[in-house]
Amino acid sequence: MTQYVYRFGGGVSDGGKGDKNLLGGKGANLAEMASIGLPVPPGFTISTEMCTRYYDEGGAFPASLRDEVATGLAHIEQVTGRKFGDAADPLLVSVRSGARASMPGMMDTVLNLGLNDVTVQGLAATSGDDRFAWDSYRRFIQMYSDVVLELDHDSFEEALEIAKEDKGYFLDTDLSAADLQALVAEYKGLVEQQWGKPFPQDVHDQLWGAVGAVFGSWQSERAKVYRRLNDIPAAWGTAVNVQAMVFGNMGETSATGVAFTRDPAKGDRAYYGEFLINAQGEDVVAGIRTPQYLTHAARVAAGAKPASMEEAMPETFTELAGVFDLLEKHYRDMQDIEFTVQQGKLWMLQTRSGKRTAKAALKIAVDMAEEGLITREEAVARVDPAALDQLLHPTLDPAAKRDVLTKGLPASPGAASGKVAFDSDTAEKRAAAGESVILVRIETSPEDIHGMHAARGILTARGGMTSHAAVVARGMGRPCVSGAGTISIDAKAGVMRVAGREVRDGDIITIDGSTGEVMMGEVPTVQPELAGDFGTLMVWADGVRRLKVRANAETPLDAKVAREFGAEGIGLCRTEHMFFDAARITAVRQMILAEDEAGRRTALDRLLPEQRSDFVQLFEVMAGLPVTIRLLDPPLHEFLPHEEAEFAEVAIAAGVDIGILKRRAAELHEFNPMLGHRGCRLGVTYPEIYEMQARAIFEAAIEVAEKSGAAPIPEVMIPLVATRRELELMKAVVDKAAQTVFADKGRTIEYLVGTMIELPRAALMAGEIAEVGAFFSFGTNDLTQTTLGVSRDDAARFLTTYVERGIYAKDPFVSLDIEGVGQLIEMAAERGRATRPEIKLGICGEHGGDPASIAFCEQIGLDYVSASPYRVPIARLAAAQSALAKK
């Protein structure tokens with residue numbers, strides 16, 4: 001019979017850190033902490049396998065699980081000496097989720113379970129504290145009603161606020177035992193009114209309701225969104241952890257907190273976190289009360305007055321610091337820890353590898369390698385390549401004027417400007433329309449996940465550095481300012497008030513998540529500095545990767561950025577982008593609209609010096625490196641005039657009647673231009689176009705070679721080839737132009753002629769095509785379109801649904817469809833190499849900067865990937881990790 005329940009604590013550990021897939025991260029780490037002797041409240045974990053079975057069987061629990069849970073409860077009772085549901089000395093438990101991948105705030109938790117009208121009296125008697133008992137009961141009713149019964153959360157919050165207002169109180173902790181007892185009665189009335197039944201009094205019914213709710217939360221909308229954003233498979237499921245309660249709300253010697261063994265925002269080796277005296281865990285992470293700092297140094301740096309834990313509870317803090325060091329050395333990574341202090345006794349409730357910003361990830365990985373805690377190869381493997389995106393974009397210009405409205409907590413670094421949106425749906429709609437948005441909330445909740453993802457940055461009035469907003473923003477790489485307590489938000493009215501000023505829905509603000517500043521209007525930015533830890537890690541990555549990394553670039557600026565980011569050449573220069581320049585578009589149009597070859601050559605003679613100058617500038621940046629230049633590819637209609645004035649301009653330049661030009665434009669019209677007269681088909685019908693481009697390439701290459709002494713290596717790429725004969729004809733044009741230029745200049749340079757594989761037929765016929773082509777560059781954008789029969793420009797309206805329904809695991813234009821398109825690439829690579837063993841193979845679509853696609857390129861042995869300039873470091877790191885994964 002399958003075992004579903006695994007115990008921990010009290011000298012028992014049925015699992016450990018290696019059981020993350022079975023017990024979830026939280027369950028595995030609780031068992032591990034217990035096994036190394038840390039103070040962990042006893043409990044048990046219901047495995048992820050039960051979650052899968054729960055859904056397979058329509059939300060039902062097998063009888064065998066009830067027996068196993070009874071054994072688990074008996075274990076907790078034996079260790080604690082308390083009985084579940086006992087009137088005199090009741091055992092209370094927490095019920096928490098715990099997937100194998102960390103999903104902070106996305107799934108449900110219930111605390112203080114086991115309280116009812118009878119056991120609350122027993123808790124009051126054994127604790128000697130009526131206020132604590134009734135506070136725990138009101139918290140339990142509120143949480144259970146929200147999570148399990150799915151009643152209106154706001155109505156309970158409103159009742160709590162009214163209870164405080166009636167007494168003139170500001171804090172929950174001001175309420176007396178009698179106040180809380182009255183609030184419990186009010187809460188029970190709300191339950192009966194909304195649910196139609198009294199609040200459950202049977203503690204076993206409470207437990208099974210909570211277990212079902214936690215399993216149910218795996219398929220909540222917020223959890224689905226988080227999984228989609230973080231590539232977490234739905235099939236993994238979550239575990240459920242049932243654990244004896246320990247209480248941080250038992251007076252001034254009790255507390256609860258969240259801590260990181262290093263700064264998750266900057267990566268500094270310093271304890272980082274927050275705690276609250278006389279509180280429970282949700283008070284810290286939900287931002288219900290503004291927490292206090294852990295260390296004296298952090299409190300002083302922030303200019304905060306309330307005592308730090310180091311000052312208020314020095315002995316417990318010293319013990320906690322020892323646990324931090326032990327856990328970091330044990331797990332060999334920065335840890336995110338939850339703890340509770342119950343009447344001076346420290347208890348550990350969770351440890352996991354902490355979410356961190358890209359800047360912190362770099363620093364922590366490099367520091368730990370230099371401290372000898374991990375190897376350099378492990379440091380390279382630790383940093384998420386996609387997270388580097390956070391470091392590769394601008395920050396606020398320090399010299400720019402700033403109209404500072406207020407200052408909050410610097411919860412997630414980086415800066416962003418955008419229009420204010422007071423709810424997540426609005427943020428998502430505006431972002432979809434192409435607008436930059438700042439999501440402004442009193443506090444975020446897991447339901448805001450879609451708005452946070454859509455926003456450029458997040459601002460909250462409440463919450464600390466470990467609040468939901470802060471943790472999720474750091475994980476997403478979004479700047480966040482939290483706990484900006486001086487702002488007053490009226491979301492319904494669409495207005496935020498601060499220091500006598502009003503900011504309305506749609507107004508532009510700027511936030512700086514590195515300083516906590518909130519500014520009116522848009523503040524200019526500056527380019528990032530990429531040295532220090534970034535440079536160190538990149539050197540280590542380059543030392544282990546096999547794949548070369550090039551850039552897609554056609555301007556000198558893009559090429560320079562790419563070189564600064566470590567590009568080893570250009571993998572795709574799209575020459576058509578050069579033709580759209582205002583100074584030359586008329587000549588391009590004259591060439592297209594010409595009636596005959598002579599007319600085309602006249603226009604091409606005007607374009608030759610311009611095109612040569614383009615290539616000179618590129619080759620100067622890339623001297624000594626390969627530069628793959630794709631000859632003219634798009635349909636000619638893209639260059640055609642549309643306005644009357646544009647036709648008139650071309651008519652004057654060409655010396656022909658405007659009516660003739662309009663007739664010629666009509667003749668060039670195509671019904672499906674992306675599959676029409678484009679790519680090598682242009683070269684076959686108008687070889688003089690490719691002849692001019694080839695001549696410009698070779699003249700520019702020789703000019704740069706003579707000036708710099710370092711000849712570039714042009715790789716002339718013929719686009720949209722489907723047959724060997726097409727490539728053969730176009731190679732002859734290129735070779736003839738090369739020999740003409742070499743004869744004129746009296747010197748030669750090395751060059752290659754190859755093709756872009758972007759049609760399924762080309763992939764199938766790669767063996768024949770390789771007889772002519774010296775290299776293949778897989779144009780994965782068009783190869784994906786032509787293989788799937790899907791237009792990239794029109795796919796957005798249905799691809800999201802396709803991913804949600806499991807038709808595709810990811811958007812195939814973002815991450816390569818390895819099963820389909822990948823199979824064609826692998827086949828073409830094998831057939832090409834069988835014909836020409838030394839053939840050079842790479843990819844140059846957007847997938848060249850996608851880590852999962854790069855891993856596939858490493859797996860099948862391609863020679864290089866080419867990505868947009870800002871994704872070059874991502875590709876370098878992903879290539880290194882792919883090489884390490886093959887070891």
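At 0% relative accessibility, Phe 778 counts as buried in this predicted model. Phe 776 is buried as well, and its relative accessible area is likewise 0%. Under 20% is the range that counts as buried, so both residues qualify.

Aromatic contacts were searched across the whole structure, and 21 aromatic pairs were found. One of them joins Tyr 271 and Phe 317. The ring centres lie 6.4 Å apart and the planes meet at 70°, so this pair is edge-to-face. An angle over 60 degrees is what earns that label. Tyr 271 sits in the loop between strand 9 (255–260) and strand 10, whereas Phe 317 belongs to helix 13 (residues 314–331). The pair therefore ties together parts that are 46 residues apart in sequence. Burial of the two partners was also computed. Tyr 271 is partly exposed, with a relative accessible area of 25%. Phe 317, at 7%, counts as buried. Phe 776 and Phe 778 also form an edge-to-face aromatic pair. For that pair the distance is 6.5 Å centre to centre, with 80° between the planes. A separate entry is a cluster: Tyr 54, Tyr 55, Phe 61, Trp 208 and Phe 215 form one aromatic cluster.

Charged side chains were examined next. The structure holds 68 salt bridges. Arg 504 forms one with Glu 502, and the closest N and O atoms are 3.0 Å apart. Arg 504 is partly exposed at a relative accessible area of 39%. Glu 502 is partly exposed too, at 41%.

A further salt bridge links Lys 548 and Glu 568, with 3.9 Å between the closest N and O atoms. The cut-off is 4 Å, so the contact counts. Lys 548 lies in strand 27 (residues 548–552). Glu 568 lies in the loop between helix 20 (556–564) and strand 28 (570–574). The pair therefore ties together parts that are 20 residues apart in sequence. Lys 548 is partly exposed, at 46% relative accessibility. Glu 568 is partly exposed as well, at 22%.

Arg 574 and Glu 554 form another salt bridge, in which the closest N and O atoms are 3.4 Å apart. Arg 574 is in strand 28, and Glu 554 is in the loop between strand 27 and helix 20. This pair, too, ties together parts that are 20 residues apart in sequence. Arg 574 is buried, and Glu 554 is also buried.

Salt bridges also join into a network. Its linked members are Arg 131, Asp 135, Arg 138, Arg 139, Glu 161, Lys 164 and Asp 172.

Negative charge gathers on the surface in a patch made of Asp 146, Glu 150, Asp 152, Asp 154 and Glu 158. Within that patch, Asp 152 falls in the loop between helix 5 (130–147) and helix 6 (153–167). Asp 152 is partly exposed, with a relative accessible area of 40%. Patch residues must have over 30% relative accessible area, so this value satisfies the requirement.

Backbone geometry was then inspected. Asn 278 has a positive phi of about 55°, although this residue is not a glycine. Asn 278 is placed in the loop between strand 10 (272–277) and helix 10 (281–285). Its relative accessible area is 11%, so Asn 278 is buried.

Gln 343 also has a positive phi without being a glycine, at about 50°. Gln 343 lies in the loop between strand 12 (335–342) and strand 13 (345–353). With a relative accessible area of 46%, Gln 343 is partly exposed.

One further loop position was recorded. Asn 672 is found in the loop between helix 25 (658–667) and helix 26 (680–685). Asn 672 is partly exposed, with a relative accessible area of 44%. Asn 672 and Pro 635 are 37 residues apart in sequence. In space, the two are 9.7 Å apart, C-alpha to C-alpha.

Conventions. Residues are numbered from 1 along each chain as its sequence is written. Side-chain values use heavy atoms; hydrogens and water are left out. Helices (H or I, at least four residues) and strands (E, at least two) are DSSP runs, numbered from the N terminus. Buried means under 20% relative accessible area, exposed over 50%, partly exposed in between (1.4 Å probe, protein chains only). Patches are made of residues with over 30% relative accessible area and no salt bridge: like charges are joined within 9 Å, nonpolar side chains (Val, Leu, Ile, Met, Phe, Trp, Tyr) within 5 Å. Accessible areas come from the Shrake-Rupley method with a 1.4 Å probe; for residues, only the protein chains shown count as cover. Lys and Arg count as positive and Asp and Glu as negative; His and the chain ends are not counted. The place of a charge is taken as NZ of Lys, CZ of Arg, CG of Asp or CD of Glu. Rings of Phe, Tyr and Trp (its six-membered ring) pair if their centres lie within 6.5 Å; planes under 30 degrees apart count as stacked, over 60 as edge-to-face and the rest as tilted.
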